[in-house]
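Open the model in your viewer and keep the selection tool at hand. The tour below goes from one selection to the next.

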2 protein chains.
Amino acid sequence: MKIWQNDTFYLERHESDIPWLKLFTETPYKEMSDAPGEVRMQIYTILDIVEREMIAYYRPDKINIASFGNYLPHLHWHIMARFRNDAYFPEPMWGQKQRESTLDLPDFDTFAKTLQKRLSVL
Amino acid sequence: MKIWQNDTFYLERHESDIPWLKLFTETPYKEMSDAPGEVRMQIYTILDIVEREMIAYYRPDKINIASFGNYLPHLHWHIMARFRNDAYFPEPMWGQKQRESTLDLPDFDTFAKTLQKRLSVL
């Protein structure tokens with residue numbers, strides 16, 4: 001589900017128990033180094049904004065950030081708010097499941113609205 | 001094993017079948033957003049240099065980049081050269097093993113020397 005977009009990027013919510021967003025470039029670059037410098041800089045800015053908003057809103061135990069694209073070689077970044085009692089912590093979300101999640105998190109829509117507002121200045 | 005360092009950062013080789021480096025800050029920040037802006041910019045620059053040198057030297061099928069720190073909340077970035085015949089591809093290196101690796105890669109020391117030279121300008 002797309003929660004924000006401009007001419008260069010879009011941000012999707014990944015279906016998960018944790019707050020998990022994916023940032024895609026509209027133009028499908030394979031690697032970060034294939035993207036123009038200005039696009040790379042904007043990616044860093046957006047990741048920074050998302051990280052700060054996730055921390056402010058969810059107070060996670062850790063932020064996780066990753067760019068793989070082995071299945072889908074279209075540059076995208078995962079940004080996840082992780083909690084000690086989420087299903088995989090302290091493993092990455094791609095690791096071994098550790099437990100059933102007992103998360104009770106605040107409303108995603110409120111978070112998304114705040115984030116949209118912060119990103120609207122880009 | 002440390003393969004490069006300056007006053008702010010050090011780069012370690014992670015023991016693996018694939019070319020896998022870890023970039024640490026000397027000062028132990030928990031999250032990217034805890035690091036000063038200048039340090040974040042230098043991290044992006046170093047990741048970009050490492051990615052480009054990995055691509056030039058190893059011709060990998062994909063570069064993977066990640067920052068987790070759930071076990072060790074000291075800001076560090078993983079950067080990995082991935083290959084279709086590595087043990088986990090297309091899964092992340094933290095995922096399910098897919099096969100025995102049949103990689104036959106060029107010498108790491110030559111790569112490390114080139115990288116040290118590129119990073120020496122920082």
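Start with the largest nonpolar core, which has 50 residues. Select L23(A), L47(A), I79(A), L23(B), L47(B) and I79(B): these touch the most other members of that core. The model is a predicted one.

**The surroundings of L23(B)**

Keep L23(B) and hide the other five. Which residues does L23(B) touch, leaving aside those up to four places away in sequence? The contacts are F9(B), L11(B), I43(B), I46(B), L47(B), H76(B), W77(B) and I79(B). One of these, L11(B), stands opposite L23(B), which is in strand 3 of chain B.

**Strand 3 of chain B and its partners**

Extend the selection to strand 3 of chain B, residues 20–25. The covered face of this strand carries L21(B), L23(B) and T25(B). Turn to the uncovered face for W20(B), K22(B) and F24(B).

Add strand 2 of chain B, residues 9–13, which pairs with strand 3 of chain B in the antiparallel sense over five bridges. The two strands form a hairpin, with six residues between them. Within this pair, look for E12(B), whose bridge partner in strand 3 of chain B is K22(B).

Now show strand 5 of chain B. Strand 3 of chain B runs antiparallel to strand 5 of chain B, and five bridges join the two. Pick F24(B) and look across to strand 5 of chain B, where H76(B) stands opposite.

**The helix across the strands**

Select helix 1 of chain B, residues 37–58. It lies across strand 2, strand 3, strand 4 (62–67) and strand 5 (76–82) of chain B. Relative to strand 5 of chain B, helix 1 of chain B runs at about 15 degrees.

**The whole sheet**

Show the strands of both chains. They make an open sheet of ten strands with antiparallel pairing, in the order 1(A)-2(A)-3(A)-5(A)-4(A)-4(B)-5(B)-3(B)-2(B)-1(B). At the edges are strand 1 (2–5) of chain A and strand 1 (2–5) of chain B, each of which pairs on one side only. On average, neighbouring strands of the sheet are turned by 15 degrees against each other, direction ignored.

**Where the chains meet**

Go to strand 4 of chain A and strand 4 of chain B, which pair in the antiparallel sense over three bridges. Which residue is the bridge partner of A66(A) in strand 4 of chain B? It is A66(B).

Widen the view to the interface, where 26 residues of chain A are in contact with 26 residues of chain B. On the side of chain A that touches chain B, helix 1 and strand 4 (62–67) of chain A are the elements that give two or more residues. Strand 4 of chain A gives the most, with six residues. Coloured by class, this side of chain A shows 13 nonpolar, six polar and seven charged residues.

**Last stop: Y58(A)**

Select Y58(A), which is in helix 1 (residues 37–58) of chain A. Is Y58(A) buried or partly exposed? Y58(A) has 19 other C-beta atoms within 10 Å, and 20 or more would be needed for a buried residue, so Y58(A) is partly exposed. Beyond the residues up to four places away in sequence, Y58(A) touches P19(A), A81(A) and L105(A). Finish by drawing a C-alpha to C-alpha distance from Y58(A) to R82(A): the two are 9.4 Å apart in space and 24 residues apart in sequence.

Methods
Residues are numbered from 1 along each chain as its sequence is written. Chains are lettered from A and ligands numbered from 1 in the order in which they are written. This is a predicted model: local features need pLDDT of at least 70, side-chain atom pairs count only at pLDDT 80 or more; totals for chains, interfaces and linings use all residues. Helices (H or I, at least four residues) and strands (E, at least two) are DSSP runs, numbered from the N terminus. A residue is buried if 20 or more other C-beta atoms lie within 10 Å of its own, exposed if 12 or fewer, and partly exposed in between; C-beta atoms are placed from the backbone. Two residues are in contact if their C-beta atoms, placed from the backbone, lie within 7 Å. Two strands pair if DSSP finds at least two bridges between them. Axes are lines fitted to C-alpha atoms, for helices over the stretch in contact, and angles run from 0 to 180 degrees between N-to-C directions. A nonpolar core is a set of buried Ala, Val, Leu, Ile, Met, Phe, Trp, Tyr and Cys residues joined through C-beta atoms within 7 Å. Ala, Val, Leu, Ile, Met, Phe, Trp, Tyr, Cys and Pro count as nonpolar, Asp, Glu, Lys and Arg as charged, and the others, Gly among them, as polar.
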